[in-house]
Amino acid sequence: MRAAPSLALLAVLATGATAAQAADLFSPEPIQSSQGWIVTVKGNLRVGPSYPGSDEYSFIGYPSLSFRRPGTVERYSAPDDGLSFSFLDESVFRVGVVGRFVGGRYLQDNPELFGLEKIDWAVEPGVFVEYWPLEFLRARAEIRRGFGGHEGFVADFGLDAVQRFGAFTVSIGPRLSLGDSEFTRTYFGVTPVEAALNGQVTPYDPSGGITSVGATGALTYEWSPQWSTTTFVTYKRLVSDAADSPIVKRFGSENQFGFGLTAAYSFAYTP
């Protein structure tokens, strides 16, 4: 397993609370504020495939932030949601912008891919729609466009059943991912030249469509109004042209697992 931890994670965890707040870090008292913002600082550790279709794993650590107005309930967010900001936020309906980061595929880390083109990291900005048809059931869709490592369009659809049991919150639900031909050719295609240089795979020109199906489950424990931790597991089964890629068949796996841990600290901030 290769490690790529983010130094920014340590900095955020080290500075998430000021000296004046230090005595209240694990206070059971609710966050008191009538103006300004409630800020939530998160430190995230994730383990997942080294690249789409890989059977080797790497881990990464990174920070994230979210804001909400005092007196508002913190919105449920699945661990595999993209980073999002809503510009329409009703009780059961949200619409907004979303973004994701996709790691690259580098030959120095995967020598079996000799001759195949390197893929740089990519960012995927887009839009999301979220709807709660029932109090415990959330549906979410994201549509994004890649820049950098790939230039294609992708979409993710998910359904989450969410239940709270005291200090615990449990969520689980299915997932469906799609990608256009530009996306699938980047990560799963093989040109004749690449096949000749590598010598272990054959040329392959995949089409767009459904790329994976799967599920995500998470468990959150609220230690206090300030602190919470979340553990989760994700599973994706590559399907269709993505699963038939000689890169997946020869060097990787159709089964893509992910694991993670998030620690969150919330505090009141008044400018």
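Start by selecting Ala-167: this residue is partly exposed, with a relative accessible area of 26%. Here buried means under 20% relative accessible area, exposed means over 50%, and partly exposed lies in between (1.4 Å probe, protein chains only).

The model you have open is predicted, so local features need a pLDDT of at least 70 and side-chain atom pairs count only at pLDDT 80 or more, while totals for chains, interfaces and linings use all residues. Residues are numbered from 1 along each chain as its sequence is written, and side-chain values use heavy atoms, with hydrogens and water left out.

**Around Ala-167**

Ala-167 sits in the loop between strand 9 (153–165) and strand 10 (168–179). Helices (H or I, at least four residues) and strands (E, at least two) are DSSP runs numbered from the N terminus. Now add Thr-220, Tyr-221 and Glu-222 to your selection: Ala-167 touches these three, leaving aside residues up to four places away in sequence. A contact means heavy atoms within 4.5 Å. Between the C-alpha atoms of Ala-167 and Thr-220 there are 8.1 Å, although the two are 53 residues apart along the chain.

Move on to Thr-169, in strand 10. Is Thr-169 buried or exposed? Thr-169 counts as buried, at 16% relative accessibility. Its contacts beyond four places in sequence include Val-162, Ala-218 and Thr-220. Show the side chains of Thr-169 and Arg-164 as well, and you will find a polar contact of 3.4 Å joining them. A polar contact is a pair of N or O atoms within 3.5 Å; within protein, one must be able to donate a hydrogen and the other to accept it, and residues adjacent in sequence count only if both atoms are side-chain atoms.

**The whole chain**

Zoom out for a moment. The chain has five helices and 13 strands, and 40% of its 271 residues are buried. Of the contacts with a separation of 6 or more, 64% are between residues 24 or more positions apart.

**A buried glutamate**

Next, select Glu-124 in strand 6 (residues 122–134). With a relative accessible area of 3%, Glu-124 is buried. Among the residues it touches, not counting those up to four places away, are Val-98, Arg-100, His-150 and Val-154. Arg-144 is another of these neighbours, and the side chains of Glu-124 and Arg-144 share a polar contact of 2.9 Å.

**Three salt bridges**

Side chains of opposite charge can pair when their charged atoms come close. A salt bridge is a side-chain nitrogen of Lys or Arg within 4 Å of a carboxyl oxygen of Asp or Glu, and by this rule the count comes to 20. Here are some to select:

- Asp-89 and Arg-75: their closest N and O atoms are 2.6 Å apart. Asp-89 is in strand 4 and Arg-75 in the loop between strand 3 (57–68) and strand 4, so the pair ties together parts 14 residues apart in sequence.
- Asp-160 and Arg-138: the N to O distance is 2.9 Å. Asp-160 belongs to strand 9 and Arg-138 to strand 7 (residues 137–145), so parts 22 residues apart in sequence are tied together. Both Asp-160 and Arg-138 are buried.
- Arg-237 and Glu-254: the side chains meet at 2.6 Å, N to O. Arg-237 is partly exposed at 33% relative accessibility, whereas Glu-254 is buried at 17%.

**One face of helix 2**

Select helix 2 (residues 181–188), where Phe-183, Thr-184, Thr-186, Tyr-187 and Phe-188 are buried. Why do these buried residues line one face of the helix? Seen down the axis of helix 2, they fall within an arc of 160 degrees, so they line one face; the arc is that of the directions from the helix axis to the C-beta atoms. At the N-terminal end, Asp-180 caps the helix, with a side-chain oxygen 3.2 Å from the backbone nitrogen of Glu-182.

**A nonpolar patch**

For the last stop, turn on the surface and select Phe-85, Phe-87, Leu-88, Val-97, Val-127, Ile-143 and Phe-153, a nonpolar patch with about 700 Å² of accessible area together. Patches are made of residues with over 30% relative accessible area and no salt bridge; like charges are joined within 9 Å and nonpolar side chains (Val, Leu, Ile, Met, Phe, Trp, Tyr) within 5 Å. Accessible areas come from the Shrake-Rupley method with a 1.4 Å probe, and for residues only the protein chains shown count as cover. Strand 4 (residues 83–89) gives the largest share of the patch, three residues. Phe-87 is found in strand 4 and is exposed, at 58% relative accessible area.
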